[in-house]
Amino acid sequence: MTWESEEKEIAPRAEVFAIGMGECGSNLVGAYLKKSAERALPPRIRGYLLMNTDRADVQKVRTLYDIPKSHTLLYGESDTGVGGKFSDGYNYIHQSKDIILDQLTQLGYEGVSGFVIFSSLGGGTGCGGTPALIEVLKHRFEVMEQRRIFIYVIGVLPFKNQSSEAVNTVWAITKLLRNQLQDIGPDLIVLLSNRAMLKRILSWRSGVIEDFLSKELDIDVGDMGDIERLVPSTLEEESAMMKQQEQTFIDLVNPLALEVTDYMLSPGVVESGKRVFPTTDLADYSHKLDPIIVPCLYTDVGFIPSAGNIQKQFERIVSHTVNECSYTEIGKDPRAESVYYVFSAPSELARPEFDMHLKAGLQKYVLPGAAITPCFVQFTDQEKGSGDVTPEKKQASLLVLLGLPKIPELKDILFEANQLIKLHTGPSPIKREWFRRSKGTTKEALEKALADLKELFGYYIMSEPTEETSSGEST
């Protein structure tokens with residue numbers, strides 16, 4: 001049986017709603033809108049809402065990205081933020097669920113097939129609020145309406161040497177995974193890294209980006225270490241120079257997060273001159289992949305079937321995609337436990353018979369027995385003006401989603417969190433009280449979260465980071 005005979009008619013536009021949680025999530029969506037010539041989100045995203053507990057941050061987002069007031073929401077008991085206390089971020093969502101759902105209703109979220117939530121995993125508002133918001137949305141749709149929806153979390157990992165944010169990240173990921181076991185969590189957690197995305201965009205457009213950074217920040221960008229040292233260590237940095245640096249990196253990096261989301265959602269978007277083998281919907285990724293994934297996206301694939309040796313060409317394409325185009329550092333041996341790939345190109349290039357070559361190229365990056373799920377998106381040639389397939393979409397691209405790969409940055413985060421927990425361990429009640437005051441939870445709860453995450457990535461997580469990951473390089 002061929003894929004053509006199995007193909008189903010694509011449903012008429014299953015749409016999702018985007019939510020930016022906290023400062024990081026709001027900047028992700030806002031930066032994409034600012035970059036977009038039509039100030040539009042990817043085609044499948046019907047609408048968006050930017051949420052925060054800090055009035056100043058809400059106003060900054062409105063001004064910086066020209067966001068209408070109706071697309072922002074200030075919520076919570078205080079309008080000065082949660083200060084990294086994720087328990088407040090969590091509780092404020094449940095306390096404000098009625099106003100949140102009311103504003104979403106006004107923006108037309110009824111009837112969507114799912115949600116994409118953009119958030120930092122290290123801050124307080126996003127880290128704590130994301131699992132709570134998913135609980136509210138799941139109850140609204142799946143309990144009250146008896147209708148299944150799919151929720152993806154696009155979570156950004158903190159930079160190195162931010163121990164307090166490392167603890168938040170461990171708690172957030174573990175909370176999301178525990179909720180998933182109870183069907184009140186996300187269907188998929190997509191991990192992104194500011195560091196990896198910054199390195200990637202610098203390697204792509206080195207000349208243009210060097211000129212931009214040199215002009216904006218008056219720095220030499222030849223050394224990645226020097227660049228990372230310029231990134232603000234905390235959101236509380238008040239100097240004008242720090243704010244300028246922070247915004248410069250946001251403008252460079254954040255549009256990439258929406259770009260990879262666009263490519264993830266696009267196979268299910270109905271367009272004339274487009275065929276998908278097999279047809280995909282929002283459920284496919286979560287059904288075929290492990291709960292935590294790292295995306296790799298190669299958007300301008302150089303592939304020439306007439307040049308011969310197709311298998312070698314695909315091996316190089318896959319190698320470049322995984323090694324050079326990942327959105328989080330995964331090293332040369334990611335050992336993924338599941339893979340989903342989407343190869344998009346004109347019909348003469350995106351051919352299902354190439355599946356064996358792509359799978360052969362992916363074998364070196366997965367563990368034995370790992371499932372590799374294919375998807376081919378064909379764009380047919382059309383007369384100018386006869387269809388809505390743009391020249392950009394007719395270029396070849398390869399999206400690889402790696403389920404539960406090795407993530408050296410996560411290894412570093414676990415180590416930093418463990419060190420902070422050890423620092424506040426001992427008989428002194430004053431020391432032990434730090435976790436309740438700072439995070440709103442107990443040391444024991446954080447130790448349990450740390451153990452859960454170590455167990456999930458236990459095949460390579462050790463007690464300490466390696467020398468390579470300590471210096472910022474992946475193993």
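In this predicted model, helix α16 passes helix α18 in a left-handed crossing. Begin the tour by selecting residues 408-423 for α16 and residues 443-456 for α18.

**The helix pair**

With both helices displayed, examine their axes, which come within 11 Å and cross at roughly 155°. Angles over 145 degrees count as roughly antiparallel, and α16 and α18 are therefore roughly antiparallel to each other.

Next, show the side chains at the contact between the two helices. On α16, select Leu-410, Leu-414, Ala-417, Asn-418 and Ile-421. On α18, the residues to select are Lys-443, Leu-446, Glu-447, Leu-450, Leu-453 and Lys-454. Colouring this selection by residue class gives seven nonpolar, one polar and three charged residues for the contact of α16 with α18.

**Arg-140 and its surroundings**

Now move to helix α6, residues 125-143, and select Arg-140 within that helix. Is Arg-140 buried or exposed? The relative accessible area of Arg-140 is 15%; because buried means under 20%, Arg-140 is classed as buried.

Keep Arg-140 selected and display its side-chain polar contacts. One, of 2.8 Å, joins the side chain of Arg-140 to that of Glu-110. Another, of 3.3 Å, links the side chains of Arg-140 and Tyr-109.

Finally, extend the selection to the residues in contact with Arg-140, leaving aside neighbours within four places in sequence. Which residues are then in contact with Arg-140? They are Leu-101, Tyr-109, Glu-110 and Glu-145.

Definitions and conventions
Residues numbered from 1 in each chain as written. Predicted model: local features only at pLDDT ≥ 70, side-chain atom pairs only at ≥ 80, totals over all residues. Heavy atoms only, no water. Helix = DSSP H or I, 4+ residues; strand = E, 2+ residues; numbered from the N terminus. Buried < 20%, exposed > 50% of the residue type's maximum accessible area, 1.4 Å probe, protein only. Polar contact = N/O pair within 3.5 Å; in protein donor to acceptor, adjacent residues only side chain to side chain. Contact = heavy atoms within 4.5 Å. Axes fitted to C-alpha atoms, helices over the stretch in contact; angles between N-to-C directions. Parallel < 35°, antiparallel > 145°, perpendicular 65-115°, else oblique. Left-handed = near helix turned anticlockwise from the far one by under 90°. Nonpolar A, V, L, I, M, F, W, Y, C, P; charged D, E, K, R; others polar.
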